[in-house]
Structure formats: C-alpha cells, structure tokens
Amino acid sequence: MEHVKSRQAFEEARKSIPGGVDSPVRAFRAVGGEPVFIESAKDQFVVDVDGNRYLDFICTWGPAILGHADNEVLTAVKNRMDKGLSFGMPTTIETRLAEKMHEMLPYVEKVRFVSSGTEATMTAIRLARGYTGKEKIIKFNGCYHGHHDSLLVKAGSGGATLGIPDSPGVTPGTTKSTIVCEYNNSDGVRDALEAGNVAAVIVEPVAGNMGVVKPKEGFLQTLRDLTERHEVLLIFDEVMTGFRIHEQGAYGLYGVTPDLATFGKVIGGGMPVGAIGGSGTIMDWLAPIGPVYQAGTLSGNPAAMECGLKTLEIYERDHVLEEIRRVSGHLASGLADICGRQNNVSFSIQGAMFTVFFTGTTPSNFPEVADCDMERFRRFFQFMLNDGILLPPSQYEANFLSFKHTKKDIDHYLNALETFLGLE
Ligand code: KE4
C-alpha cells in the first residue's frame, strides 16, 4: 500500500499541530510507522488520502455504531443545519434527545448534555462532590475517563499507551483526592470507603481503555452494595459501553443501577456530544436549578443533537445491536477456535466491542494487560494495515463493530489473524 499523500499530510500537520494529531493515540506511536490520514468513510470502510480502503475497526472510537455516513443521519443533520448551526439558547431537539435517553434508560430521569466524554465525567465528579459534600473519588487502574486532571491518574487508553499514566501538569493537589484501586478487586474499594470522605466511585462497567476487560461475576454488584452502604455515589462511565454492550448498557446487561452515568460517542453519532444522566434528585443539583456550576457554549448543539437522536432512532428501529450480536457471535467463535490453537493469544468480546490480547490468558486487570507482548501487537497492527484492515493502534484499546460489518468482513479479519499467527 502506498502512503505517499499520508506522509506528506503528516509532515505538514506536524508543523502546526503537536505531533500532527489532535488526539495522541492517532499518532501510531505505540505501533510505529506514520498515521494514515483519512479522506472519507462509508459503512464499515474508511479511505485514506492515498485512496487505500480499509475495513474499519476503530469506528471513530465508538460513535459509528450504524456504520459511517448513514444516509438518513446525514440528511437529518443537513436539514437541521439549514436552520442555523448554534444559537446559545435552548432548542426542542435537546429535549427530544433527553427524552429518548430516558425512554431507553429509565434510571436516567434527567440528562445534561456537554460536548465530550471528558466534560461528562468531569461534571459527574463535580456533581457527586457537590451533592455528597465529600471529597475523594475512587477510580480503577487502567480505566480512562477523559483527560481532566482529577481522573488522569493511572488512566488507560492514551495515558497507558504513551506510558504517561500520571501526566505532567497534573498537580499533586489535584490527585491527592483520587484513589486508584485495581479493577475486578473490591478489597481496595472496601478499605478506601472505610476510611471515609469518598464522594463517588467511577468505573467503566466493562473496561474498554485497557483493551476490553470484563467485570468478574459480582464485581459491579459489590460496588453497588458498598457504595450504598457508605452513602457514596456509583458512577458508570458508559461513554464507550453505552448502547454497545447492551441496548441498556451495563444497567441492562448486569442489572446494576448506578446513581449517575456518563455517555458520549454513540449519543452524538459522530458529532461532539457527551452527557451526564441520573436521578432528578441528584441532577437537579446542577446549575441553574442547583449550586453545582457547569456550562458550555456548544452544549446541546442542535446539529449534534439531531445527529445523536437520529442515530438512536435508527438504532432502535433497525434492532442494530441484535444484528451486531449475530456478527460478533461469529467473531467470538472464530477467535475461540484460533486462540484455542495458539499459546500466547487470547481475546475478550462484549456486544459490539472486542480485543485480541497477545498474552495467553484473557486479562482481568491492567497489570495483566501490561504483560502483553506489545512488540507482537505492533507487528500484528502493521500486518493488518497492509492487509486493508484498520485496527485501533494500541493494545490498550477496544475494537468496535458497526451495523454494517458483515460475517464476510469477520472472516477477512479471522483469516488475516490466522495468517499473521502462522507467520510468527
Ligand atoms: P472524550 O473526551 O474523548 O469524548 O471521552 C473521554 C472518554 C471517557 N470515558 C471513556 C470510557 C472513554 O473511552 C473516553 C474516550 N475514549 C477514547 C478511546 N479509548 C477516545 C479516543 C481518543 O482519546 O482519541
């Protein structure tokens, strides 16, 4: 594959954008080589500036659950944009999307929209501290909740990939109130809660930012029981898992109801949207009705709201996740067969997200993911890229399936994986 124009684009970009990218993971630093620059995307494919087409498992990190550039979504957004882009005043489309989220997730009685998952979790943390009057936050090693200071501590995703889990610029004062526990281990949580002054526990109910790492049986329920006992809020960060692991996210899959949840990605359909949702009693602590301040110029942007609402409407109408389950079931059996015949390869899959790990046993926490053969992952990534398959460029990321991925696409992926392993 030729990457002449991507190389030129990258050289130009680096002159005016740090690292040539607007989000670190896109720079391919964990997998070597230079990033491809994308020109366009449709359904399950993306095309780079050199005209190379790839079967896409990044799916813009989760939003493209319908596949790229869905015609109905594009039409709805274009029609909305003809009325103007942004008003800085309330619009009815925001209410429609909030109502749709409540209809799909009954525990989400009220929603506040923001423009990113980072803003959503930052707001949820501030709201939890304001509502409880307590200070500390418990998060889990390898879980990533966006790049705001108080949670950029032993983060997964880009933080882990770039080996800067505790980023410079994050002051000790900020992180002294953040307690990091090991995912799938409630002992640390129990001790931290006993010590008191904890406002909330925030967790990716299925972790996606250390690769896909599922909660062990009872882990989430234990967090729910412990937080209830200590009058601490439980926050499910469903920015990635929302509408991907189950039509009702972790609440639907595990039957555990959080006090607050954060959303992003799918609810924007590819446009900048994040959200915080939960009981009206807690949510009404947000300004202007309550004292916890939060704001945003483009929060509830009508074009982004339209994109998210149309995405969710199609998601429901076409039973999108049911179809994806059929394809992911085919993938799961193929991966089970291949990994069963290999020593140092395992996998984890939940609904529309999955990870192949270059380690013998499927990891259950971040240290086990960190033991993966990252050099082998790098070779795997480059092999797949040359075979026209675009994977997330890090072992610490999840792969995503869309409504448009077919069993034929999965066979392409499985055959390429088998060929790669056979070459090693
Ligand atoms: P954003 O600020 O990137 O919209 O959302 C932050 C966030 C919060 N919570 C979870 C569970 C997330 O997965 C994310 C963002 N996910 C990464 C992918 N690992 C976004 C990709 C990137 O950082 O470029």
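These legends go with several close-up views of a predicted model. Residues are numbered from 1 along each chain as its sequence is written, and side-chain values use heavy atoms, with hydrogens and water left out. Because this is a predicted model, local features need pLDDT of at least 70 and side-chain atom pairs count only at pLDDT 80 or more, while totals for chains, interfaces and linings use all residues.

**View 1. The ligand and its shell.** Here 17 residues surround the ligand, each with a heavy atom within 4 Å of it. The closest are S23, T118, N209, D237 and E397. Sorted by class, the shell holds five nonpolar, eight polar and four charged residues; Ala, Val, Leu, Ile, Met, Phe, Trp, Tyr, Cys and Pro count as nonpolar, Asp, Glu, Lys and Arg as charged, and the others, Gly among them, as polar. Domain 1 (4-69 + 319-423) and domain 2 (71-317) both contribute to this shell, so the ligand lies between them. The domain bounds come from an automatic or database domain assignment.

**View 2. Polar atoms around the ligand.** A polar side-chain atom of S23 sits 2.6 Å from a ligand oxygen atom, and one of D237 lies 2.7 Å from a ligand nitrogen atom. The protein buries 87% of the 540 Å² that the ligand exposes when taken alone, with areas from the Shrake-Rupley method and a 1.4 Å probe.

**View 3. A cis peptide bond.** A287 and P288 are joined by a cis peptide bond, with omega about 10°. Look for P288 in the loop between α10 (280-283) and α11 (302-317); helices (H or I, at least four residues) and strands (E, at least two) are DSSP runs, numbered from the N terminus. For context, most peptide bonds are trans.

**View 4. A positive phi.** T60 is not a glycine, yet its phi is positive, at about 50°. This residue belongs to the loop between β3 (53-56) and α2 (71-81).

Methods
Polar contact = N/O pair within 3.5 Å; in protein donor to acceptor, adjacent residues only side chain to side chain.
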